[in-house]
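Please open the model in your viewer and keep the selection tool at hand. We will go from one stop to the next, looking at what surrounds each selection.

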Amino acid sequence: MTVTSSTVPFHQRHDEDLLTLSDVAEILKTLENTLRWWRQIGKGPQFFKIGRRLVTTAGDVRQFMREQRLAARPLIPEPRRH
C-alpha cells in the first residue's frame, strides 16, 4: 500500500488507500490538531503509524463519516402532531 496523493478525489479512492493526517483534515474540513485531539480521546477515524507517519484508510474515514451521520439521527422518532 502506498499513501495516495491528495490530487485523487476522495470518492475515487479505494477503501484500502492510505491517507495522511492532512488528507483527512482536508476531507473532513477540520484542523489537523483537531484530528490529533480526537485520536488522543479515542474519537475520529482510526489512525495508525507506519514508521513515523500517521495514516488511516479511506475506508476508515468513510466508516467514521457514516457513524457520525447515524449518531446525528434521533433514536426514537418524534411523534407526529396533527
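**Stop 1: Val24**

Select Val24, which you will find in helix 1 (helices are DSSP runs of H or I with at least four residues, strands are E runs of at least two, and both are numbered from the N terminus). Before going further, note that this is a predicted model, in which local features need pLDDT of at least 70, side-chain atom pairs count only at pLDDT 80 or more, and totals for chains, interfaces and linings use all residues. Residues are numbered from 1 along each chain as its sequence is written, and side-chain values use heavy atoms, with hydrogens and water left out.

Is Val24 buried or exposed? Val24 is buried, at a relative accessible area of 0%. Here buried means under 20% relative accessible area, exposed means over 50%, and partly exposed lies in between, using a 1.4 Å probe and protein chains only.

Now show what surrounds Val24. Setting aside neighbours within four places in sequence, Val24 is in contact with Leu19, Leu35, Pro45, Phe47, Thr56 and Val61 (contact means heavy atoms within 4.5 Å). Try a distance from Val24 to Thr56: the two are 32 residues apart in sequence, and their C-alpha atoms are 8.3 Å apart in space.

**Stop 2: the rest of helix 1**

Extend the selection to the whole of helix 1 and pick out its buried residues, which are Leu21, Asp23, Val24 and Ala25. What covers these buried residues of helix 1? The cover includes strand 1, helix 2, strand 3 (53–57) and helix 3.

**Stop 3: the nonpolar core**

Next, select Phe10, Leu19, Leu21, Val24, Ala25, Leu35, Trp38, Phe47, Leu54, Ala58, Val61 and Phe64, the 12 residues of the largest nonpolar core. Helix 1 (21–28), helix 2 (32–41) and helix 3 (58–71) each supply at least two residues of this core. The term stands for a set of buried Ala, Val, Leu, Ile, Met, Phe, Trp, Tyr and Cys residues joined through side-chain atoms within 4.5 Å. In soluble globular proteins, nonpolar side chains tend to be buried together.

**Stop 4: helix 1 against helix 2**

Show helix 1 and helix 2 as cartoons. They pack at an angle of about 105°, with axes 9 Å apart; the axes are lines fitted to C-alpha atoms over the stretch in contact, and angles run from 0 to 180 degrees between N-to-C directions. Helix 1 and helix 2 are therefore roughly perpendicular to each other, a label for angles of 65 to 115 degrees.

To see the contact, select Leu21, Ser22, Val24, Ala25 and Leu28 on helix 1, and Glu32, Leu35, Arg36 and Trp38 on helix 2. Colour them by class and you get 6 nonpolar, 1 polar and 2 charged residues (Ala, Val, Leu, Ile, Met, Phe, Trp, Tyr, Cys and Pro count as nonpolar, Asp, Glu, Lys and Arg as charged, and the others, Gly among them, as polar).

**Stop 5: Lys29**

Step along to Lys29, in the loop between helix 1 and helix 2. What is its phi? Phi of Lys29 is near 55°, a positive value in a residue other than glycine. Lys29 is exposed, with a relative accessible area of 74%.

**Stop 6: the salt bridges**

How many salt bridges are found in the whole structure? There are 2, each a side-chain nitrogen of Lys or Arg within 4 Å of a carboxyl oxygen of Asp or Glu.

Select Arg62 and Asp15, whose side chains meet in a salt bridge at 2.6 Å, N to O. This pair links distant parts of the chain, with Arg62 in helix 3 and Asp15 in the segment before strand 1 (18–20), 47 residues apart. Arg62 is buried at 18% relative accessible area, whereas Asp15 is partly exposed at 39%. Beyond four places in sequence, Arg62 is in contact with Phe10, His11, Arg13, His14 and Asp15.

Then move to Arg36 and Glu32, which form a salt bridge at 3.5 Å, N to O. Because they are 4 residues apart in helix 2, about one helical turn separates them. Arg36 is partly exposed at 39%, and Glu32 is partly exposed at 30%.

**Stop 7: Arg39**

Finish on Arg39 in helix 2, which is partly exposed at 34% relative accessibility. Leaving aside neighbours within four places in sequence, Arg39 is in contact with Phe47 and Leu54. For a last distance, go from Arg39 to His14: they are 25 residues apart along the chain, and their C-alpha atoms are separated by 23 Å.

Definitions and conventions:
Angles under 35 degrees count as roughly parallel, over 145 as roughly antiparallel, 65 to 115 as roughly perpendicular and the rest as oblique.
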